[in-house]
Amino acid sequence: MSAAPKVVGLMLAGGKSRRMGEDKAAMVFRDGQTQLEMIESLLSDVGVESFLSVRADQDAAGRLDDTIVRDAFGDVGPLGALASAQAMRPDVAWLVVACDLPMLSKQAVEQLLADRTPSADATFFSSRFDGRPEPLCAIWEPSSAAAVRATVDAKKLCARHLLEDGSLDVVALTPDDPTALDNANTPEEADAIRKQMAGEPRQVIVRYFGVLGAEAGMPSESLATSAASVGELFAELKAARSLVQDAAIIRAAVNDEFVDWAAGFDDGADIAFMPPFAGG
Amino acid sequence: MFEITDEAIDCDALKRSVQQDDCGGFVSFEGWVRNHHKGRDVVGLSYSAYRELALKEGTKVLAEAEAKWPGARVLCTHRIGRLEIGDVAVCVAVASPHREEAFAACRYVIDEVKSRVPIWKEEFYADGSDAWVGCDGCKKGGAHHHH
């Protein structure tokens with residue numbers, strides 16, 4: 001049995017960033033690094049060589065030609081970029097990473113590499129929002145090239161559909177760090193992510209159920225908080241509203257899903273604190 | 001289907017809904033409001049719910065029961081709001097080809113609903129006091145507001 005194909009990174013910087021209004025790859029979110037610098041450094045940290053994917057006529061910022069993959073399929077998007085990469089180097093597995101994932105962590109990429117299944121056609125994470133394939137950080141094996149090329153030739157451009165339509169043998173992973181794949185496509189999304197990173201205030205709705213509602217003196221309220229997790233938020237509110245109950249017997253939910261105390265939340269989140277249930 | 005209603009539960013309707021010619025066994029459970037709790041005289045109670053999450057979790061429970069006991073048809077309705085002594089708080093209806101599954105699925109559903117569905121019960125006592133039930137681990141001393 002031959003060894004698994006080497007994994008090589010493809011950083012997608014060929015998007016037009018229309019909705020953002022500025023080049024997403026050049027945006028800075030943390031540590032003073034541009035998104036591109038952050039991803040390149042992350043890939044280097046995990047030992048993966050990286051190539052820059054650009055449009056056919058895009059300025060490649062002084063990079064050497066042999067570290068660039070120029071789009072050869074009419075700049076139709078990420079699948080075309082991948083097809084271009086697979087045509088150039090059909091022998092490697094391409095770890096495709098979008099440039100609009102400000103929260104991407106080394107942990108997330110390491111999990112993808114560790115749980116990669118080379119005998120499948122692709123390994124990806126499932127989205128924390130809808131459970132569907134998240135193609136923005138995924139490994140595409142050489143065996144996926146024919147299907148990718150056929151899809152692009154047929155002018156079908158949705159990578160997510162290709163990963164879920166059954167034509168490829170795929171492996172879906174549940175990310176240990178679910179927020180790592182949150183992407184920022186618009187200025188509003190970028191702002192929300194920046195606020196979350198900086199611990200800046202987010203406006204949320206908090207619902208107090210059961211005895212908590214009696215203790216708080218209200219069933220719910222809208223407030224601004226810098227808390228990074230629901231656990232921190234509960235601690236803040238326990239003090240501010242003189243709640244008597246301990247977190248140990250309370251359960252939390254964010255946007256109608258049970259979460260544990262470490263869970264974060266975005267601007268506009270609907271957060272519920274629930275004492276022990278007594279239905280039936 | 002798991003449902004939440006603020007009106008009286010029609011248990012017969014649930015029974016008719018699960019009834020099917022290929023089912024030979026029917027088991028149902030009704031939770032009634034009783035007049036005592038831990039030695040205290042209860043005069044009424046009030047159920048409240050986190051509706052969206054309760055519907056989600058209750059639906060999951062029913063799906064689990066039907067998966068664990070293939071062939072079983074399961075329905076459950078829980079009532080919220082002010083209930084008087086003798087009112088039906090919850091009804092579970094199960095029909096299945098044979099009785100074993102019906103008993104087991106019914107037991108499973110009521111046990112899981114009580115444990116996992118975000119519904120709360122405030123009890124009112126003959127002496128005018130009230131308490132949040134199921135909160136044995138809860139601390140006392142919070143301000144109480146009557147609605």
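In this predicted model, Val8(A) stands opposite Trp94(A), a residue of strand S6 of chain A, and this pair is a good place to begin reading the structure. The two strands concerned are S1 (residues 7-12) and S6 (residues 93-98) of chain A, which pair in the parallel sense over 6 bridges. Packed against these strands there are helices as well: helix H1 (residues 35-45) of chain A lies across S1, S4 (50-54) and S6 of chain A, and its direction runs at about 175 degrees to that of S1(A). Helix H2 (residues 78-88) of chain A also packs on the sheet, where it touches S1, S4, S5, S6 and strand S8 (133-140) of chain A, and its direction makes about 115 degrees with that of S5(A).

Stepping back from this pair, the reader can follow the whole sheet of chain A, which is an open sheet of 7 strands in the order S5-S4-S1-S6-S8-S7-S9, with mixed pairing. Strand S5 (68-70) and strand S9 (170-173) of chain A stand at the edges and have a single partner strand each, so one side of each is left without a neighbour in the sheet. From one strand to the next, the twist averages 30 degrees.

Chain A also offers an example of a salt bridge. In general, side chains of opposite charge can pair when their charged atoms come close. Lys24(A) forms such a salt bridge with Asp100(A), and the closest N and O atoms of the two are 2.7 Å apart. This pair links distant parts of the chain, for Lys24(A) belongs to the loop between S1 and strand S2 (28-30) of chain A, whereas Asp100(A) belongs to the loop between S6 and helix H3 (106-114) of chain A, 76 residues apart. Over all chains, the structure holds 23 salt bridges.

Turning to chain B, the reader finds an open sheet of 4 strands, in the order S1-S5-S7-S2 and with mixed pairing. Its edge strands are S1 (2-5) and S2 (25-32) of chain B, each of which pairs on one side only. Neighbouring strands of this sheet are turned against each other by 10 degrees on average, with direction ignored. Within the sheet, S2(B) and strand S7 (residues 88-96) of chain B pair in the antiparallel sense over 8 bridges, and Ser28(B) stands opposite Ala93(B) of S7(B). Two helices can be placed against these strands: helix H1 (residues 11-18) of chain B lies across S2, S5 (73-79) and S7 of chain B and runs at about 20 degrees to S7(B), while helix H3 (residues 99-116) of chain B lies across S1, S2, S5 and S7 of chain B and runs at about 150 degrees to S7(B).

Another set of pairings in chain B involves strand S4 (residues 40-49), which is joined by 2 bridges to strand S3 (residues 36-37), the two running antiparallel. S3(B) and S4(B) form a hairpin with 2 residues between them, and Lys38(B) in the turn has a positive phi of about 50 degrees. His37(B) has Arg40(B) of S4(B) as its bridge partner. S4(B) also pairs in the antiparallel sense with strand S8 (residues 119-125) of chain B over 7 bridges, and here the bridge partner of Gly44(B) is Phe124(B). With strand S6 (residues 81-84) of chain B, S4(B) shares 4 bridges, again antiparallel, and Ser46(B) stands opposite Arg82(B) of S6(B).

It remains to see how the two chains meet. The contact takes 24 residues from chain A and 31 residues from chain B. The size of an interface is often given as the accessible area lost when the parts come together. Between chain A and chain B the buried area is about 2,300 Å², and carbon and sulfur atoms give 60% of this area. There are 2 salt bridges between the chains, one of them between the side chains of Glu52(B) and Arg207(A), at 3.7 Å from N to O. Between the chains there are also 10 residue pairs in polar contact, counted with both residues at pLDDT 80 or more. On the side of chain A that touches chain B, the elements that give two or more residues are helix H7 (211-216), strand S13 (257-259) and strand S14 (270-274) of chain A, and the residues of this side divide into 13 nonpolar, 5 polar and 6 charged.

Technical notes:
Residues are numbered from 1 along each chain as its sequence is written. Chains are lettered from A and ligands numbered from 1 in the order in which they are written. This is a predicted model: local features need pLDDT of at least 70, side-chain atom pairs count only at pLDDT 80 or more; totals for chains, interfaces and linings use all residues. Side-chain values use heavy atoms; hydrogens and water are left out. Contact means heavy atoms within 4.5 Å. Buried area is the accessible area (1.4 Å probe) that two parts lose on being put together, summed over both. A salt bridge is a side-chain nitrogen of Lys or Arg within 4 Å of a carboxyl oxygen of Asp or Glu. A polar contact is a pair of N or O atoms within 3.5 Å; within protein, one must be able to donate a hydrogen and the other to accept it, and residues adjacent in sequence count only if both atoms are side-chain atoms. Ala, Val, Leu, Ile, Met, Phe, Trp, Tyr, Cys and Pro count as nonpolar, Asp, Glu, Lys and Arg as charged, and the others, Gly among them, as polar. Two strands pair if DSSP finds at least two bridges between them. Axes are lines fitted to C-alpha atoms, for helices over the stretch in contact, and angles run from 0 to 180 degrees between N-to-C directions.
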